[in-house]
Amino acid sequence: MNSTAVQPRLLAVAVSLCFSAAVPLTVLAQDVAGAQVSQVLAPVVITGSRFDADPALSTIGATIISADDIRRSGASDVNAAIRKVGGVYGRQSLDGSPDFGLDLRGFGADSSQNMVIVLDGVRLSENELSNAILSAIPIDTVERIEITRGGASVLYGDGATGGVISIVTKRPGKNTSRGSVFVEGGQFRAGEVRVSGAQAWDGFAADATLATQRTDNYRDNNEFKQTHFSGGAQWFSNNGRIGFRYEGARQDTHFAGALTEAQFNANPRQTLTPNDNGSLDSDRFTAFAQRRIGAYDLAADLSYRKKTVDSTYFFGASPSTTTYDSKQTQFSPRVRRLGDIGGMLNEMVAGFDWTEWNRTTTASYSAADATQHSKALYVRDELRFDTAHEGRVSAGVRREIFDKDFSDPLGYGTTAYKTAQGLNAWELQASYLPVASLTVYGKAGQSYRVANSDENALTPVPNEALQPQQSHDLELGASYATAAQKVTARVFRHNLTNEIFYDPTIFTNTNLAPTRREGFEVDAEQRIGADWNVTAHYQHVDAKFTGGANNGKQMVLVPENTLTARLSWTPASGQTADVGAQWVDSQRYGSDFDNTCSGKIPSYTTLDARYARRFGQWELALAGTNLSDKHYYSQAFTCDARGKSGIYPSDGRQLKVSARYEF
């Protein structure tokens, strides 16, 4: 079960078609005779196909966070940028790290397993109950972040029901260079030093970033330290590129643990676990290649990740230590062809995704060895018609097969299982521009996720893996855009069967009775004069059981409404200012499946701001989070006859000052 060798297997055939938003693009299309001709077509798109594309070619309805947006907001890591600028709801991490649990479309405690995060096309989401480690991605290297809400399993497979977050790093230009030194300090003994540089010549480029940070955090025994390095090199030309990248992170953290409601009210900063601690070591190697040959674009990514997680929890004076060693290999070759069918642009994409994951556990209570192999094949075709109205239509499916193997001679309940599961995803999509500046679209599909190794280790029937979760997805939307404003609105529904969730009433992971997520979202941006810009993101989601004993009851840990708004000031004087607010509605406690708890997790509003001033190559900044010093929590798991507990307090007010030198 520990083998990491690539073993070719028979794959099921699939067909996948997808589409994206419309913007002008100069493309190479083939004429009827097969000769390539360069032509400027009516607005078309080439995104969603997992190939390189201009930032303007983002998927319709997507939220785009640019490098300038990140810098103005003062976000020091990718996770914070997604929450502050992208308007994505996030829950306080349980381990003191900056990697909050992100939630698209209201999936509660299992939100991380119902969305996919990719970095330059390489999947970061994994086969375990953990958040993607975004804090190790150097924020200075990020070109943009694309947030696409809604089912996307055709292209991204397992767990993409809530949506996809794609992080795109900066690409080199010929004979260019950049570098920066960043130093920051603040309350709670917080500090960070980051040095980055990149140099490109005619056909070759290299870059590297080294950073170290530490903080005591808001709570007692919640210290967090991290050192990470990212570096790579690539050879490039007009026809393609080939290169490699290494990313490594070393984390040490202390666990503050949970509180009861009374303890939170008395002192939210206290801890009842003064000695609990852990560490994480992660190394990722990625090789990539892209090449244009005639009318075809060829691309492939090969990634290998090794991770070791240690934790020590004290029960009285007795420590309990656990070590997880995991390895993951991914290989994703794909091909794209642009052609012409009756005067209409056609894009054909075919791809193959192969992943092998293995984890061993060393502890007094477990000697688990878990392996998962997955393989998928997809083909995508998109047709653009009626160029005057930017019409697009697509349809598609994906086939993915999972082989899971688990053994644990020390296990409680489940000690071994071996299973194979095959899943299909499909999509139908259409988009049209009925009048100038207004695009309307619709999409329907089926997405899926399979239980990960942690979930299958504790199930209602020992030695029996959970059934795959499936969702039927429907979305209708419209986007209105001019030079000064943009508004995107969408209504959605996800009908789920066999949703995978932890059920506190039976103390196991299980397949729930049918559930549903439905609601609407609005993204808006307004330019006010030359210097001011306002953005807002609103989500309303109704998450309920639609069958079983809890039919009609609200799902737990899902706020019904969230609203994020930002005001930016960017005059030409070298000054910038950015103020943001986020309001989160009340939500059910994690154990309140039958909705009988006398109260909910209270709603809250937080404020953050940043002011910066440039002096030549220097930038000095003052930033603050939770400026009103609001005492609140977004993680709370228990409400029973003994009261409310399992509360993880969120951070209090924190002020930071920073200096950046660019060269």
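Colour by burial first. Of the 663 residues in this predicted model, 55% are buried. Now show the surface: about 26600 Å² is exposed, and carbon and sulfur atoms supply 58% of that area.

**Whole chain**

Switch to cartoon. Five helices and 35 strands appear. The radius of gyration is 24 Å, close to the 26 Å that the globule rule gives for 663 residues, so the protein is as compact as a globular protein of that length. Along the principal axes, the C-alpha atoms fill a box of roughly 80 × 60 × 45 Å. Turn on contacts with a separation of 6 or more: 65% of them join residues 24 or more positions apart.

**Charges**

Select the charged side chains. There are 65 positive and 72 negative charges, and their mean positions lie 2 Å apart. The structure holds 51 salt bridges. Three of them are stops on this tour.

**Stop 1: helix 1**

Select aspartate 69 and arginine 72. Their side chains form a salt bridge, 2.6 Å from N to O. Both residues sit in helix 1 (residues 67-73), and because they are three residues apart, about one helical turn separates them.

**Stop 2: arginine 105 and glutamate 475**

Select this pair next. Their side chains meet in a salt bridge at 3.2 Å, N to O. The partners come from distant parts of the chain, 370 residues apart. Arginine 105 is in the loop between strand 5 (101-103) and strand 6 (116-119), while glutamate 475 is in strand 23 (residues 469-481). Arginine 105 is buried, with a relative accessible area of 1%. Glutamate 475 is buried too, at 5%.

**Stop 3: glycine 162**

Keep arginine 105 on screen and add glycine 162. Arginine 105 is one of the residues that glycine 162 touches; the others are Leu104, Phe107, Asn114, Arg149 and Gly150, leaving aside residues up to four places away in sequence. Glycine 162 lies in the loop between helix 3 (153-156) and strand 9 (163-169). Its relative accessible area is 0%, so glycine 162 counts as buried. For a distance check, pick alanine 67: the C-alpha atoms of alanine 67 and glycine 162 are 24 Å apart, with their positions 95 residues apart in sequence.

**Stop 4: aspartate 140 and arginine 194**

Here the closest N and O atoms of the salt bridge are 2.8 Å apart. This pair also links distant parts of the chain, 54 residues apart. Aspartate 140 is in the loop between strand 7 (122-123) and strand 8 (142-149), and arginine 194 is in strand 11 (residues 190-200). Both residues are buried.

Finally, widen the selection. Aspartate 140 and arginine 194 belong to a salt-bridge network with Arg71, Glu192, Arg610, Arg614, Glu619, Arg660 and Glu662.

Terms used: Residues numbered from 1 in each chain as written. Predicted model: local features only at pLDDT ≥ 70, side-chain atom pairs only at ≥ 80, totals over all residues. Heavy atoms only, no water. Helix = DSSP H or I, 4+ residues; strand = E, 2+ residues; numbered from the N terminus. Rg over C-alpha atoms; globule rule 2.2 N^0.38 Å. Buried < 20%, exposed > 50% of the residue type's maximum accessible area, 1.4 Å probe, protein only. Contact = heavy atoms within 4.5 Å. Areas by Shrake-Rupley, 256 points an atom, 1.4 Å probe, with all protein chains shown as cover. Lys, Arg positive; Asp, Glu negative; His and termini not counted. Charge placed at Lys NZ, Arg CZ, Asp CG, Glu CD. Salt bridge = Lys/Arg side-chain N within 4 Å of Asp/Glu carboxyl O.
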